[in-house]
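Let us walk through this structure by following pairs of charged side chains, asking of each pair where its two partners sit along the chain.

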Amino acid sequence: MKSWLRVFAGIALAAIFISSAIYLRRPPDPIFEGRHASEWANDLLSLDYSVRGEAQTALKIMGAAAVPQLAVLLEERDAPWEKHLVRLDSILGFLNYRSRNATVCQFRAAEMLGLLGTKASPAIPQLIKVLAMDQSSAEAERALLRIGPASIEYLLRALKSKDAPIRQKSARLLRDFAPLERSAIDPLITASRDEIPAVRKEAALSLGTFRPAPDAIVAALLRLTSDENEPVRAAAFQSIGKAAGANEKVRAALARGLSDGSPVVELEAAKALWKLQPDRDVIVPALIRILSTKERWQAAYALGEMGPAAAASVTALVNALEAEEVPRPFPTPPTPALALGKIGGPPIEGLPPLLVD
């Protein structure tokens, strides 16, 4: 056989093999009322709400059979040449190029999968990939929550994803499935050492859902109280207040947190200490200091939650009224005023009549 003929035969066989592989890997596309699932799925992208509504009804009836085609929409990504083709089509109208916005595809598909609930569990891996997308990740999160506990195993695996947004959002979503099994502890502790502070923060908060916290979690949270990142330290103290016991190491960490230098960290340390060891002589002065910072409204709220035990903060709360900066869309009183109401007690000399009446 001539060499060119052998080359041609090889290319033909390769083409047949590749085409067969592509065909066999195509997701199932069942028919409902004379239309393929892929056609119903594409109708979710319509600008006509009635078309979208009909598609949702059909896909709900199809149930699990529709999931593979919805997963195809989740996999949609904007190609780098997309905008150039759109521009070219505006010049050469005969091309009739139909652009597909990947964000819309992901959003509509995730929305539909959420409506399918547990039936959509085969699409969990694709939904987790969408967590990396800024504009459609929120809908993917809702879908994962609606699918339910089947998402947990995949979210734990996603804590090792190469994409930091996926690791961060997975660590956060796991809190919504609490109480978690103990098998989730080690992956979350590993995530608490992530190079990205936002991931460490979410892992710390999720570790706080284990109550009472085992020693391994307490040790991880204590380590995070010395983290270089302020929000991570604050998250660690918040979880300590929810899940840890008041042992010597915890008390030492809380004492250090009260003089951290970061208002948000000191606030969480004070709140945690009040839950574990309600020493008003230590906690109230710390919260009064925070009243002069941007965290004043949270400090005022914490003092109000302490009730009469925070009586020593009354004067500072009155002064904080003048610095109240939290926008209130509803006609609610300022946070310091709410705190004063909860603290209660007899009228204080020098307070404006409005507060003591």
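In this predicted model, a good place to begin is Glu153, which is partly exposed, since its relative accessible area of 44% falls between the 20% and 50% limits. The side chain of Glu153 meets that of Arg157 in a salt bridge, with 2.3 Å from N to O. Both residues belong to helix α9, which covers residues 150-158, and they are 4 residues apart, or about one turn of the helix.

Side chains of opposite charge can pair when their charged atoms come close. The model has 12 salt bridges in its count, and two further examples can be set beside the pair in helix α9.

In one of them, Asp194 forms a salt bridge with Arg167, and the closest N and O atoms are 2.7 Å apart. This pair links distant parts of the chain, for Asp194 lies in the loop between α11 (185-191) and α12 (197-207), while Arg167 lies in helix α10 (residues 164-173), 27 residues apart. Both Asp194 and Arg167 are buried.

The other example joins the side chains of Glu202 and Arg175, whose salt bridge is 2.9 Å from N to O. Glu202 is in helix α12 and Arg175 is in the loop between α10 and α11, so this pair ties together parts of the chain that are 27 residues apart in sequence. How buried or exposed are the two partners, Glu202 and Arg175? Glu202 has a relative accessible area of 7% and is therefore buried, because that value is under 20%, whereas Arg175, at 24% relative accessibility, counts as partly exposed.

Notes: Residues numbered from 1 in each chain as written. Predicted model: local features only at pLDDT ≥ 70, side-chain atom pairs only at ≥ 80, totals over all residues. Heavy atoms only, no water. Salt bridge = Lys/Arg side-chain N within 4 Å of Asp/Glu carboxyl O. Helix = DSSP H or I, 4+ residues; strand = E, 2+ residues; numbered from the N terminus. Buried < 20%, exposed > 50% of the residue type's maximum accessible area, 1.4 Å probe, protein only.
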